[in-house]
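Visitor: Could you take me on a close look at one part of this model, and then show me how it sits among the rest? I would like the terms spelled out as we go.

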Amino acid sequence: GAGAGAGAGAGGVTAEGSGAKPVADDHRAALLRVCLDILDASPDAHLLQGALQVVARLTKSHSLALSFLQQGGLKKLLSSPQSTAFPGQASLTGSIIRHLMEDQNSLLVSMQSEIRSLLTSLTARNSGRLPSVRSFLAASAALVQRDPATFHRAVKSSCKIVEEGGRKTIAPGDRKAEDRLNQSTASALDISHDKGGGEGEPTPGRASLGGGRSRSHSKVMLEGMHAVMGQLLVHLLVGIRDRDKAASKEGEDAMQVDDNKDAQEEQNKPAITAADILRYIAELVRSYPGCSHYVMKHSVEAVEGEILAASGDKGKGEKKGATSLISYVIREVLPLDSTVAGAKANKAAVRDADLSRRGAALVLAMLSKGPDVRRKVLGELVATLNLGPTKRMSLHLRMLQCIADVLYSFVTAKAHSTNSQQPAPETIRVTLEAKVPSAICAALASVDLHHPAVSKVSASLLRPLDVLCESAGPPPPEERKAGDGDAQAGDKPEAEGGAVEEAAVDTALRAPGDWMET
């Protein structure tokens, strides 16, 4: 009854055209405080579901979203125990987290960016033909559900209808219309332009907003983004460390199963897992430019310092380090592979596979950002490939396979519509500059040929190398037969004179074959 009542209350808060009277701002704030009190009380699953549904409606107002964040709402969301969990809790929590990041203007900019990406994807999938209005709307269902009114404004400013052969299609519009709409929206927020903002800090939507966004508003957005991302990273690290402790304990107690004790410990665990938090971070990175910079700037030791400081150990809370979070994800999260035997094996394997998959999604999201972030992430991947085995060979091989899958997805994601295996020239350039082919060859040389998984891992590593070599490598052998030795002799001066990339790829192409033959 409580859940149904809360759901009805949520509908009355924001439902337009339903005949219900709008709720006053002070009543909404009071309702938000009631929901926070419910989260503190560790309610049953039905009451928690109703409270979160109301919170999801209320936080569409950015002022209430900031109030929820300032009152510790996000921490309570992420710490909710498994004993009060309900189906769909992770998705509902993700919606609330997005609301904490979005005001009216940033949501508009985010939707415009996603609509343009969606149009590009649909056009490539349709062999270069523009998508129909019906197919575009079907693919945009998730954006419509987020905020129909904002979606309408974003489509109106970002798209235009084009007739092709008697059928109506949708195409990207003029970016000047987007800029005018963004500037008018920022002006409508009535923000003072007299206060200064953070200097040199990336903020969500700043590049698209131009001069229509004030420094004070950007500063507020930056502080909110830092608060959300900081809490997510802390809970992520705590979740992964708890997983490591649980895996060690499960391995020790594999022969001593206490069902009652295990059930009690399971109920006390957070309902939002580390894999869910990785998914939230990846979604925020894709939508907000500042999030990718935040991830790259913070180290594991800095986050651990925040955890220790929050627990009262201020002396250790100032500890600094140089292990970047993205490096930690690549080297520790991607190769996760459960070694638990017995009754817990299936559950542990699913947990670790989900964590590894979400970690790979985060790395790909980082690779989709600007050139600076992409160069740093590729540098971390190359450094890891060149590192050689530092743990047991099975974990090293799993890490190599995950990195190979990430690289293959990266070099084929920017494919041309006419050939799904042909990467864009920009992708070829950045991968060659990062010396990815050489790193793949070094990784191939580091594996144990007697390991049973070596064949699968080697094939995975050769996939991105094959795509790169087909795109940027030397001409096929049949085109070189006419010149024979003369053509090959002529290649060396050219490579020495500046065509180093072709020579490097040619060497990378031959090296795996020589290694496989030996």
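**A close look at helix 6**

Guide: Gladly! Let's start with Gln89, whose place is in helix 6; helices here are DSSP runs of H or I with at least four residues, strands are runs of E with at least two, and both are numbered from the N terminus. Please keep in mind that this is a predicted model, in which local features need pLDDT of at least 70 and side-chain atom pairs count only at pLDDT 80 or more, while totals for chains, interfaces and linings use all residues. Residues are numbered from 1 along each chain as its sequence is written, and side-chain values use heavy atoms, with hydrogens and water left out.

Is Gln89 buried or exposed? Its relative accessibility is 4%, so Gln89 counts as buried (buried means under 20% relative accessible area, exposed over 50%, and partly exposed in between, with a 1.4 Å probe and protein chains only). Beyond its neighbours within four places in sequence, Gln89 touches Leu48, Leu52, Ser80, Thr84, Ala271 and Ile272, where contact means heavy atoms within 4.5 Å.

Further along helix 6 we meet Gly94, then Ser95. Gly94 has 8% relative accessibility and therefore counts as buried, while Ser95, at 32%, is partly exposed. Each can be paired with a residue 185 positions away along the chain: the C-alpha atoms of Gly94 and Arg279 are separated by 8.8 Å, and those of Ser95 and Tyr280 by 9.4 Å.

Now for a helix partner. Two packed helices are described by the angle between their axes and the distance between the axes. Helix 4 (residues 62-70) and helix 6 (residues 89-101) have axes that come within 8 Å and cross at roughly 110°; the axes are lines fitted to C-alpha atoms, for helices over the stretch in contact, and angles run from 0 to 180 degrees between N-to-C directions. The two helices are therefore roughly perpendicular to each other (under 35 degrees counts as roughly parallel, over 145 as roughly antiparallel, 65 to 115 as roughly perpendicular and the rest as oblique). On the helix 4 side, the contact is made by His62, Ala65, Phe68 and Leu69, which meet Ile96, His99, Leu100 and Met101 of helix 6. These residues divide into 6 nonpolar, 2 polar and no charged, with Ala, Val, Leu, Ile, Met, Phe, Trp, Tyr, Cys and Pro taken as nonpolar, Asp, Glu, Lys and Arg as charged, and the others, Gly among them, as polar.

Let's step back to the whole protein. It has 27 helices and 2 strands, and buried residues make up 44% of its 518 residues. Of the contacts with a separation of 6 or more, 73% join residues 24 or more positions apart.

What about the strands? Strand 1 (residues 159-164) and strand 2 (residues 167-172) pair in the antiparallel sense over 6 bridges, pairing being called when DSSP finds at least two bridges between strands. Ile161 stands opposite Ile170, and Glu164 stands opposite Arg167. The two strands form a hairpin with 2 residues between them, and Gly165 in the turn has a positive phi of about 60°.

Among the other helices, helix 18 (residues 325-333) is mostly covered, with 7 of its 9 residues buried: Leu325, Ile326, Ser327, Tyr328, Val329, Ile330 and Val333. In helix 21 (residues 393-413) you will find Gln401, buried at 17% relative accessible area. Outside its close sequence neighbours (within four places), Gln401 is in contact with Lys456, Val457 and Ser460.

One loop residue also deserves a stop. Lys435 lies between helix 22 (425-433) and helix 23 (436-445) and is exposed, with a relative accessible area of 58%. Its phi is near 60°, a positive value in a residue other than glycine. Most residues other than glycine have a negative phi.

Finally, a word on confidence. The protein averages a pLDDT of 76, and 68% of the residues score at least 70; pLDDT is the predictor's confidence in each residue, from 0 to 100. Residues 416-420 stay under 50, and the model gives them 10 contacts beyond four places in sequence. Residues 486-518 are also below 50, with 27 contacts beyond near neighbours in sequence. Where pLDDT is low, the predicted coordinates should not be read in detail.
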